[in-house]
There are 2 protein chains.
Amino acid sequence: MGSSAREEARIADALRKAVLERKLAPGSKLPEEELAQIFRSNRAKIRRVLLSLSRSHIVTLEPGRGAFVSRPSPQEARDVLASRRLIEVSLLARPHRKLSTQGVTRLRRIMTQEAEAHEKHDAIAMIHVSGQFHLTLIEELGNEVLKSITEELILRMSLIITMYERHNATCCLSSDHHDLLDLLLAKKYAEASILMARHLEGIESCLDFHRDPVTTTILSQILQPVQG
Amino acid sequence: MGSSAREEARIADALRKAVLERKLAPGSKLPEEELAQIFRSNRAKIRRVLLSLSRSHIVTLEPGRGAFVSRPSPQEARDVLASRRLIEVSLLARPHRKLSTQGVTRLRRIMTQEAEAHEKHDAIAMIHVSGQFHLTLIEELGNEVLKSITEELILRMSLIITMYERHNATCCLSSDHHDLLDLLLAKKYAEASILMARHLEGIESCLDFHRDPVTTTILSQILQPVQG
DNA sequence: TCAACCATTATTGTTCACAATATCAAACCC
DNA sequence: GGGTTTGATATTGTGAACAATAATGGTTGA
């Protein structure tokens, strides 16, 4: 069987998904044995997955103690937010290329899904779709490298929001996304970039770095339904 | 012994250094056993290091075949260059903070080393010092996250330059660095960012994506002196 | 009652042997 | 003679057993 890489990718994706959807709280312990049986895998594979995720700052490996979902410090949080803002705002201000017609179609479809999720009050779907909007924008106006960098930053932001969010603030106002696309179609890049800056600052303003980083270490049974 | 992480970091650093200094040609095979005895280590640790490096796009793991130094495609090369340009140029245009006095000192010291390396025609020292200049700038004006992102991009650029460089073009004109610092001290950020854009475009213009990616697979004896 | 210590238990870290796979070369058929 | 097949060799992939380490809980003594 040469599908071991696929299996590891599946496990890593499931963990990343759980982090993105804020089901795995920062600080949660990730015991190798437990993960192995949840995913019907073995420790060796789990271990490689955890090593990979630790390189993406999603997981922190403490020697002799094991793997934990990362708990970004306030400073790290600020840096992640600032970095994402720099990338996305600058890209809108000076996009590498024009929006393709199929790109516009993709963005429109995503916004439709966003509206549906909003209507159903499906917070998890909102997170996914909102992330997809930003990533598609980067893919269209930028390139693959920026996209994968931002993918990682978005994942780290999920941890940050879980730790430091003030109330149940909505992560992304979908109206912003709508206005953003309008401005881009009108080639008003300067205005679009300003809107994006405000958009991301909006997320930031919902954070409170003073409060105790509440990290209820949730049991891993949350992962059970993920792997189907 | 709990120093296994340290040992792995040492091996990873040695490999990264070899890539940065362009001693390890893209496409070179990295056999686990051979690396293990070069670094007086074992396959398990080597394997973990290679997995880590593969996450940084420095190494490519081919299932069943082993690890190879990555050979970035022309498209990937363009994306890496564009991403680095976006980050550094935007950061100069709108720095997150002012240059600290000790930051200026550090940059000046680096430029001194740069002049020395230039005088001695020490190409390897030039690479290191030039990278340090850019990274220090990002650390001073930006943050740690952007710094580590750029660290990875610089490493990938080393591979790109090895594969696609036209002649023996100097990677960074030190005069540019000098002018850059002057502009920053004068708070002429707009001009500084333009200079940075030209600076990085200069590197890009030395590349030729049409020529065959010459990848002389160098033996790993190059690594021997690295680990001392 | 509290604190320090020690034994127990659970988890991680390491090593080894073996299985699977790809590479290479020689033999073979067309 | 060229291309294909087939076996030998080397390298990677996998799993399990063992060692080392940290967390846990209970005991003992002040």
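In what order do the elements of chain A run from the N terminus on? They run α-β-α-α-β-β-α-α-α-α-α-α. Please keep in mind as you read that this is a predicted model. If you count the elements of chain A, you will find 9 helices and 3 strands. Of the 228 residues in this chain, 50% count as buried. The chain also brings together parts of its sequence that lie well separated: among contacts between residues at least 6 apart in sequence, 78% join residues at least 24 apart.

A good place to see such a pairing is Ala197(A), which sits in helix H9 (residues 189–205) of chain A. Its C-alpha atom is separated by 9.3 Å from that of Ser90(A), although the two residues are 107 residues apart along the chain. Leaving aside residues up to four places away in sequence, Ala197(A) touches Arg85(A) and Val89(A). Is Ala197(A) buried or exposed? Ala197(A) counts as buried because its relative accessibility is 15%, and the cut-off for that class is under 20%.

Helix H8 (residues 174–185) of chain A holds another residue to look at, His177(A). With a relative accessible area of 0%, His177(A) is buried. Which side chain does His177(A) meet in a polar contact? The partner is His134(A), and the contact between the two side chains is 3.1 Å.

Now turn to the strands of chain A. Strand E2 (residues 59–62) and strand E3 (residues 66–69) of chain A pair in the antiparallel sense, over 4 bridges. To find the register on your screen, start from Thr60(A), whose bridge partner in E3(A) is Phe68(A). The hairpin of E2(A) and E3(A) has 3 residues between the strands, and there Gly64(A) takes a positive phi near 85 degrees.

In chain B, the strands can be followed as a sheet. It is an open sheet of 3 strands in the order E1-E3-E2, with antiparallel pairing. Its edge strands are strand E1 (29–30) and strand E2 (59–62) of chain B, each of which pairs on one side only. E2(B) and strand E3 (residues 66–69) of chain B are joined by 4 bridges in the antiparallel sense. Here a handy starting point is Leu61(B), which has Ala67(B) as its bridge partner in E3(B).

Some backbone angles in chain B deserve a look too. Most residues other than glycine have a negative phi. His57(B) is not a glycine, yet has a positive phi of about 65 degrees. You will find His57(B) in the loop between helix H3 (43–55) and E2 of chain B. At 32% relative accessibility, His57(B) counts as partly exposed. Lys187(B), also a residue other than glycine, has a positive phi near 60 degrees. Lys187(B) is placed in the loop between helix H8 (174–185) and helix H9 (189–205) of chain B. Its relative accessible area is 47%, so Lys187(B) is partly exposed.

Helix H8 of chain B also contains Ser175(B). That residue is partly exposed, at 42% relative accessibility. The C-alpha atoms of Ser175(B) and Met111(B) are separated by 9.4 Å, with their positions 64 residues apart along the chain.

Finally, how do the two chains meet? Chain A gives 23 residues to the contact, and chain B gives 23 residues. Between them, the chains bury about 2200 Å², of which 62% is on carbon and sulfur atoms. On the side of chain A, Arg55(A), Leu86(A) and Val145(A) lose the most area to chain B, together 26% of what that side buries.

How many salt bridges are there between chain A and chain B? The count is 0. Polar contacts, on the other hand, do cross the interface, with 6 residue pairs found, both residues at pLDDT 80 or more. Helix H3 (43–55), helix H4 (74–93) and helix H7 (144–164) of chain A are the elements that give two or more residues to the side touching chain B. The largest share of that side, 8 residues, comes from H4(A). Sorted by class, the side of chain A that touches chain B has 10 nonpolar, 6 polar and 7 charged residues.

Technical notes. Residues are numbered from 1 along each chain as its sequence is written. Chains are lettered from A and ligands numbered from 1 in the order in which they are written. This is a predicted model: local features need pLDDT of at least 70, side-chain atom pairs count only at pLDDT 80 or more; totals for chains, interfaces and linings use all residues. Side-chain values use heavy atoms; hydrogens and water are left out. Contact means heavy atoms within 4.5 Å. Buried area is the accessible area (1.4 Å probe) that two parts lose on being put together, summed over both. A salt bridge is a side-chain nitrogen of Lys or Arg within 4 Å of a carboxyl oxygen of Asp or Glu. A polar contact is a pair of N or O atoms within 3.5 Å; within protein, one must be able to donate a hydrogen and the other to accept it, and residues adjacent in sequence count only if both atoms are side-chain atoms. Ala, Val, Leu, Ile, Met, Phe, Trp, Tyr, Cys and Pro count as nonpolar, Asp, Glu, Lys and Arg as charged, and the others, Gly among them, as polar. Two strands pair if DSSP finds at least two bridges between them. Buried means under 20% relative accessible area, exposed over 50%, partly exposed in between (1.4 Å probe, protein chains only).
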